[in-house]
Amino acid sequence: MVEFMQSGAYLVNGREIIADTPEAQQAILNKTGKEITKEEALKQTICYGILESHNTSGNMDKLKIRFDKLTSHDITFVGIIQTARASGLQKFPMPYVLTNCHNSLCAVGGTINEDDHMFGLSCAKKYGGVYVPPHQAVIHQYAREMLAGGGLMILGSDSHTRYGALGTMAVGEGGPELVKQLLNQTYDINRPQVVAVYLTGAPVKGVGPQDVALAIIGAVFRNGYVKNKVMEFVGPGVASLSADFRIGIDVMTTETTCLSSIWETDREIEEFYEIHGRKSDYRKLAPGETAYYDGVIQVDLSEIRPMIAMPFHPSNTVTIEELNANLMDILDETEKRAEVSLDGAVELRLRDKVRNGKFMVDQGIIAGCAGGGFENICAAADILKGASIGSDGFTLSVYPASMPVYMELVRNGCAAAIMETGAVMKTAFCGPCFGAGDTPANNAFSIRHSTRNFPNREGSKLQNGQISSVALMDARSIAATAANQGVLTPATDFDGEIGKYKYHFDSKIYANRIFDSKGVADADAEIQLGPNIKDWPEMGALPENLLLQVVSEIHDPVTTTDELIPSGETSSYRSNPLGLAEFTLSRKDPNYVARAKEIQKAEKARTAGEHPCQVLPVLKELMGTIKQEFPEVGHANTGFGSTIFAVKPGDGSAREQAASCQKVLGGWANIANEYATKRYRSNLINWGMLPFLIQEGKLPFKNLDYLFIPGIRKSLEEKTDVITAFVVGKDDAMHAFELRLGELTDEERMIILKGCLINYNRVE
């Protein structure tokens with residue numbers, strides 16, 4: 001079904017794979033009649049050509065990328081624009097689309113969600129952007145319909161910014177990276193490796209894009225095969241997939257932890273652009289005659305069967321058939337994993353869902369950038385036609401990804417077929433993906449064609465003794481389960497016809513409702529600020545030395561950004577840095593905020609010219625111990641704050657608040673064995689936090705210990721690789737250990753030295 005090559009490989013004429021062995025060059029010569037070096041062949045990937053055309057550094061090993069377009073939604077654009085304004089923003093230098101698909105329901109905090117929307121509209125007018133009102137489209141569907149173009153690069157502040165199927169290399173990053181683009185700076189990375197995803201065969205009836213995506217995610221997530229790399233989809237199997245099907249696979253590549261994705265394009269994609277009135281934006285993309293890839297994932301589409309990703313990660317995959325055949329064993333294993341993920345706070349009981357040997361589901365959702373596409377919903381309608389979802393506890397909600405998609409579903413009768421079953425059609429909204437809509441009952445089990453199923457992402461609250469859970473599935477199998485009134489059922493069991501529906505894109509909705517400045521800024525436009533929209537607090541430069549208290553210690557194999565700063569209703573407070581910070585780690589470590597604030601008192605006293613020991617007496621003894629070995633150290637040249645340890649933090653969302661909330665509470669660093677994603681590490685750096693690495697094994701410190709890091713500012717300035725730190729013990733001793741910072745660009749070092757990106761860019 002999904003297989004890896006353990007070495008790099010050459011792809012000849014887009015169809016034949018030749019492993020990178022000593023015999024490879026002769027084999028290539030026999031096939032093409034030409035000699036080619038590996039260095040020349042790696043330039044023949046689609047990815048290389050796009051990166052080269054956007055790189056401003058002149059060095060393809062050290063990229064400085066300028067993107068063509070930017071996109072954000074309503075829980076990120078306020079912070080981004082506020083940061084850019086603090087740095088002197090005058091005009092959006094490129095098309096910037098502000099969508100409103102996350103905090104659309106205005107259900108929490110009174111007026112604050114709609115205040116954010118009005119802020120976005122006023123900024124689109126003032127700085128020359130595009131504003132997409134609530135319920136019109138989810139961020140990525142609008143980008144597919146109106147922004148993507150062959151050979152372009154788009155940067156978005158949502159992690160699922162993926163338009164590779166349309167020939168656009170898109171990257172999801174934290175807000176500060178968009179700020180850099182708005183300030184005419186660059187996205188700086190080493191040239192990423194490229195992994196070919198070589199597709200063969202064609203999907204069988206009942207298998208959808210989520211099934212293919214989950215099969216790939218389940219195979220590659222844990223071994224890191226594509227981490228921070230670009231996935232390039234090639235091979236004869238591509239032609240068997242519709243544009244919507246490719247898009248549905250592509251959006252889920254984020255869950256592999258890859259950097260971006262790109263696909264070869266063909267007549268199918270050209271037709272997509274024609275349908276959307278943008279034929280000139282199509283570009284034929286294909287690898288060169290002989291292209292070199294750093295790895296190859298081979299996927300036989302004909303072997304994929306309906307999949308399910310069990311709680312609490314998209315990589316916990318198994319076929320639905322296998323789950324039904326081994327119910328009690330797999331559910332028992334899932335419950336045991338949940339006990340670890342949830343720290344034993346509540347008990348997840350899935351085996352209770354088994355009745356008469358069948359697994360009973362409580363809720364189905366088809367939604368968002370992954371599930372809400374036209375083809376997914378049409379297929380679901382065909383499977384549901386004439387059925388009833390029943391009058392018991394099972395519910396089904398369907399969210400088309402945009403109003404044009406919704407309109408076409410109304411016109412072709414699919415919406416009526418779905419509603420006739422008792423299911424509910426709703427407007428474009430991302431809430432079910434992150435816990436702001438359709439939260440199930442306690443201990444209920446929801447199946448969703450959405451992007452993630454992390455703990456609490458469906459909206460339950462562990463701190464209140466609540467637990468419900470989500471499994472990811474394709475819309476087709478969700479519909480089959482709904483038609484079976486909640487009995488878990490793969491769509492391959494459906495023996496009826498799943499038709500092919502022609503899509504007609506009606507642009508009138510957007511023309512009548514969306515504000516498009518056409519790139520013209522109005523300097524006289526007034527920005528509309530609600531009472532919850534706050535400026536970022538002042539942040540100081542990195543001191544000469546640091547004394548940090550470890551205020552949280554997390555030993556989960558992976559820590560998601562949802563656990564660092566919860567999603568759901570807390571998202572309404574993302575325009576208020578200090579207000580949102582109160583929720584930091586609240587579902588993982590409820591003591592974090594109080595502990596961080598306690599040590600932060602010392603830094604606030606220091607920067608106010610007071611003695612830190614007066615507000616935190618424990619520091620007197622600690623500083624006395626430090627002075628015995630470092631007599632020059634004092635409170636005048638030492639910063640005080642907090643750090644956390646996590647094994648592998650940062651999987652999941654691009655949200656910068658996972659880092660900024662720690663920063664505004666006095667965090668100076670994270671310490672990790674590795675970082676789950678490049679984007680989380682970048683968020684730390686852009687908020688002036690040190691992304692320390694420590695060797696895996698026994699930790700030299702424990703929670704609540706104090707760590708002294710002498711000469712940290714000098715170490716950064718001098719690009720020191722290994723940094724010696726000390727645990728300041730209660731035994732009046734200093735216990736040395738080593739930290740590393742990993743590779744940092746000169747700009748990243750300066751951002752940390754200045755204290756954050758705002759300070760780095762601020763015009764005095």
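So, the largest cavity: about 220 Å³ of space lies in there. By cavity I mean a set of points, on a 1 Å grid over the protein atoms alone, where a 1.4 Å probe fits but cannot get out; the volume is the space filled by probe spheres set on the points, with points joined across faces, edges and corners. Keep in mind that this is a predicted model, where local features need pLDDT of at least 70, side-chain atom pairs count only at 80 or more, and totals for chains, interfaces and linings use all residues. Residues are numbered from 1 along each chain as its sequence is written, and side-chain values use heavy atoms, leaving out hydrogens and water.

What lines the largest cavity? There are 22 lining residues, meaning an atom within 4 Å of a point, and His73, His102, Asp158, His160 and Arg457 lie nearest the centre. Helix 6 (139-147) and helix 17 (431-434) are the elements that give two or more residues to that lining; helices here are DSSP H or I runs of at least four residues, strands E runs of at least two, numbered from the N terminus.

By class, that lining has 7 nonpolar, 10 polar and 5 charged residues. Charged is Asp, Glu, Lys and Arg; nonpolar is Ala, Val, Leu, Ile, Met, Phe, Trp, Tyr, Cys and Pro; the others, Gly among them, are polar, so His goes with polar.

How many cavities of 30 Å³ or more does the whole structure have? The search finds 8. The second largest holds about 100 Å³, and its lining includes Asp343, Arg587 and Lys588. That lining has 3 nonpolar, 3 polar and 5 charged residues.

Key: On a 1 Å grid over the protein atoms alone, a cavity is a set of points where a 1.4 Å probe fits but cannot get out, and a pocket is an open set with protein on both sides within 12 Å along at least five of seven lines; lining residues have an atom within 4 Å of a point.
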